[in-house]
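Visitor: I'd like to go through this one with you. Can we start with the outside and then work inwards?
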Amino acid sequence: MPEPVDTGRRIKELRVSAGMTQHELAGPDISASYISLVERGKRIPSGRALKILAGRLGVGMADISGGAARAESAGRVRRLDLVGRLVAARRQWEGGDPEGALRAFRALAGTSPVGRPDDVYTEAQLAIAEILGAQGRADDGAAVLLRMLDGLGPAGYAETRVRALIALADLLESAGRVQDGLRYALTASLEEAVAPPAESAFHSLLLLDVLTRCAYWSGCAHWATGTGLGEPPTDGGLPGPRAGIALHRALDLWDRGATDRAAALLAETARRVTPAAGFRLWEAVNGRHALLLLARGERSAARSIVERGLVVASVAQEPDFPLWLTTAEAVCAEAAGDHARVRERGEQLAALPDDGRCHEKAAALSEVAGACARLGDRERAAGYLRYAAELFRRAQAYRHADRARERLSDLLEMWN
């Protein structure tokens, strides 16, 4: 029985003998990079590709194919099996069994590299990190992504690297490590500029979202506008990332005193975003919009947003606590002179866990501190500002921590 032909090596031998470059062999139908992958044994050419290559090399298909057709068929069956397992694991996760899904994804990630599609391995690793992050195991999730990045060189893996860096930045911001997240988001933006992945527009939007979040909380909001990533599209898919970008840009405008521009941007964002984009994001947009309206004296409009939002949250039975709608409710109560309601909501916010996005909790407590101070409850206001400054410091949001301490100093000076 004849030995099976090493297709890639045979194609290279015939090409070199004919004095052809990879580009010349590829012609208009096939890319030169594909030829390179075939010759290095990284791709098994399809029947159509074999026919084209054999014709250009002036040989029969049998001279270069050997067992390639059988190997390709086996590879396709293997791929269908792995993709099916990947889909099943995702359904398990979405069905409320994260531990079972974690085991399934780990089994996929541990599959032998021989014949394994890179995209299945990538999706499995990203899912593992996301589940670990959702379970409060941010360090474990980050370790998975860092190992993944260590195994990738920049050349030929631009898309995979950018996706891993985006996931790492998002995980760290969600865990309250905003400057660590910013570092990886900036790295992703630099790598994307050097070697844009195939799905450049898609990844640019996701990257701009996490970069804008990390830059805002790090006190470097302008860094997210000087990266060359451009403006997010106003229409089309992915409403969540677009709304997240707009929200944090509006917050930066608000902090810098451009309240009219911030109000216009938040109003437009609130009009476009729905709970389907993510409950946490939706309620943050609406709650922040209500707070800005209250700061502008538009109490009726703000109260309407808060009441409607809390009803939606109650009906939807979302597991996430409506942090910003509750904060806006407390400030609405302050505007109405309802001291008891402000205290109740303040205590409720202060009792929330400090893990996760503790910078968000700190910002909410700062708003309630302002409401308490305006009602004359300076001791409670001072306590919330101290707590907020510590949470901001813990989250690496140092400039926000400084502002909280400045407000505390001003309050104590007035008190004395």
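Visitor: How much accessible surface does the chain have, and what share belongs to carbon and sulfur atoms?
Guide: This is a predicted model. Its chain has an accessible surface of about 20,600 Å², with 52% of that belonging to carbon and sulfur atoms.

Visitor: And what percentage of residues count as buried?
Guide: 46% of the 416 residues in the chain.

Visitor: How many helices and strands?
Guide: There are 21 helices and zero strands.

Visitor: Which residues have the most contacts inside the largest nonpolar core?
Guide: Leu-247, Leu-291, Trp-324 and Phe-392, in a core of 63 residues. Helix H15, residues 279–295, gives the most to this core, with ten residues. Apart from it lies another core, of 41 residues, which includes Leu-82, Leu-126, Ala-127 and Leu-165.

Visitor: Back to Trp-324. What is it in contact with, leaving aside neighbours within four places in sequence?
Guide: Trp-324 is in contact with Glu-283, Ala-284, Gly-287, Arg-288 and Leu-291, and also with Glu-360, Ala-363, Ala-364 and Glu-367.

Visitor: Different topic: helix H3. Which of its residues are buried?
Guide: In H3, which runs over residues 32–39, Ile-35, Ser-36, Val-38 and Glu-39 are buried.

Visitor: Why are they on the same side of H3?
Guide: Because they cover an arc of only 160° around the axis. As background, an α-helix has 3.6 residues a turn, so residues three or four places apart point the same way.

Visitor: What covers them?
Guide: The cover includes helices H1 (7–17), H2 (22–26) and H4 (47–57).

Visitor: Which residue just after H3 takes a positive phi?
Guide: Gly-41, with a phi of about 75°.

Methods:
Residues numbered from 1 in each chain as written. Predicted model: local features only at pLDDT ≥ 70, side-chain atom pairs only at ≥ 80, totals over all residues. Heavy atoms only, no water. Buried < 20%, exposed > 50% of the residue type's maximum accessible area, 1.4 Å probe, protein only. Helix = DSSP H or I, 4+ residues; strand = E, 2+ residues; numbered from the N terminus. Arc of directions from axis to C-beta. Contact = heavy atoms within 4.5 Å. Core = buried A, V, L, I, M, F, W, Y, C linked by side-chain atoms within 4.5 Å. Areas by Shrake-Rupley, 256 points an atom, 1.4 Å probe, with all protein chains shown as cover.
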